[in-house]
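Let's take a walk through this protein together, going from the whole fold down to a couple of individual residues. Keep the model open as you read.

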Amino acid sequence: MKFFKAVIYDIDGTILNTLNMNMYPLIRIIREETGEEWSFEKVLKFAAYPGMKVMEELKVKNPEQVYARWVKYVNEYEEGAVLYDGFEEVLPKLGEKFRQAVVSAKTREQYEIDFCEKGLDRYMETAVLAGDTREHKPNPEPLLKCAERLRIAPEEAVYVGDARSDQEAARRAGMTFGYAGWGNEGIPGMGLSEEQILSEGGLVFRRPLDLLKLLEYAQ
């Protein structure tokens, strides 16, 4: 049986539901830049992309300016980022046994708005964000940077995420992957194979409260 010293989390689609607040403003951006009306289902393919990668895929002119406008629309979106049910119990309980951290493609500014303003950063020892590494997931560099900051070996951590890029980054970093099965619920083509994850030594969690099972793996 594996034992861990740390639990590292992705944010979007794992701790926070940010799908609506990102995708509806993106639809607005596409309309303004191209005149095209994209459906919510069509923009979902960008859900796991870093922001500037979306701009690259859309081939917009002045991508940095357009990205900044998208961020503005996201922060004005009334619903905002929503904490998935269960984390109000999960984070303090796991924090009693594990060191906790986040690795996310969010910018520092967006992290402050979405995460810190909810007081969630008090549970985290460190946060590796978009500006902290040269490479990004699925490259393992952000996860390895986090392990370095926590002063642990990569194999002593489990990385909880919802996307293929999270799974691949964990594999390449030598960390156990924990699949946040709620993060892509209802998004066509975004879910991962639970059978494959388990066969590769990963863990599957179908709801946030299932993360409390990690207490069995506390070192």
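What follows begins with the overall picture and then visits two residues in turn.

A word first on what you are looking at: this is a predicted model. In terms of secondary structure, the protein contains nine helices and eight strands. If you turn the C-alpha trace along its principal axes, you will find that it spans about 55 × 35 × 30 Å. How does that fit with the chain length? For 219 residues, a compact globule would be expected to have a radius of gyration near 17 Å, and the protein agrees because its own value is 17 Å.

Now for the inside and the outside. Of the 219 residues, 50% are buried. The accessible surface amounts to about 10,900 Å², and carbon and sulfur atoms account for 46% of that area. The protein carries 29 positive and 38 negative charges, and the mean positions of these two sets are 3 Å apart. It is also worth asking what share of the contacts between residues at least 6 apart in sequence join residues at least 24 apart. The figure is 68%.

With that background, let's zoom in on Thr14. You can find Thr14 in the loop that runs between strand E1 (6-9) and strand E2 (16-17). Is this loop residue buried or exposed? Thr14 has 0% relative accessibility and therefore counts as buried, the cut-off being under 20%. Its side chain makes polar contacts with two aspartate side chains: that of Asp10, at 3.3 Å, and that of Asp162, at 3.5 Å. Asp162 also appears in the list of residues that Thr14 contacts once neighbours within four places in sequence are set aside. The other members of that list are Tyr84, Phe87, Val160, Gly161, Ala180 and Trp182.

Our second stop is Val43, which belongs to helix H2 (residues 40-43). Val43 has a relative accessible area of 0%, so this residue is buried. Which residues does Val43 touch, not counting those up to four places away in sequence? They are Met23, Leu26, Ile27, Ile30 and Trp38. To place Val43 against another point in the chain, try Asn22: the two are 21 residues apart in sequence, and their C-alpha atoms are 9.9 Å apart in space.

Seen side by side, Thr14 is a buried residue in a loop, while Val43 is a buried residue in a helix.

Technical notes: Residues are numbered from 1 along each chain as its sequence is written. This is a predicted model: local features need pLDDT of at least 70, side-chain atom pairs count only at pLDDT 80 or more; totals for chains, interfaces and linings use all residues. Side-chain values use heavy atoms; hydrogens and water are left out. Helices (H or I, at least four residues) and strands (E, at least two) are DSSP runs, numbered from the N terminus. The radius of gyration is taken over C-alpha atoms; the globule rule is 2.2 Å times the number of residues to the power 0.38. Buried means under 20% relative accessible area, exposed over 50%, partly exposed in between (1.4 Å probe, protein chains only). Contact means heavy atoms within 4.5 Å. Accessible areas come from the Shrake-Rupley method with a 1.4 Å probe; for residues, only the protein chains shown count as cover. Lys and Arg count as positive and Asp and Glu as negative; His and the chain ends are not counted. The place of a charge is taken as NZ of Lys, CZ of Arg, CG of Asp or CD of Glu. A polar contact is a pair of N or O atoms within 3.5 Å; within protein, one must be able to donate a hydrogen and the other to accept it, and residues adjacent in sequence count only if both atoms are side-chain atoms.
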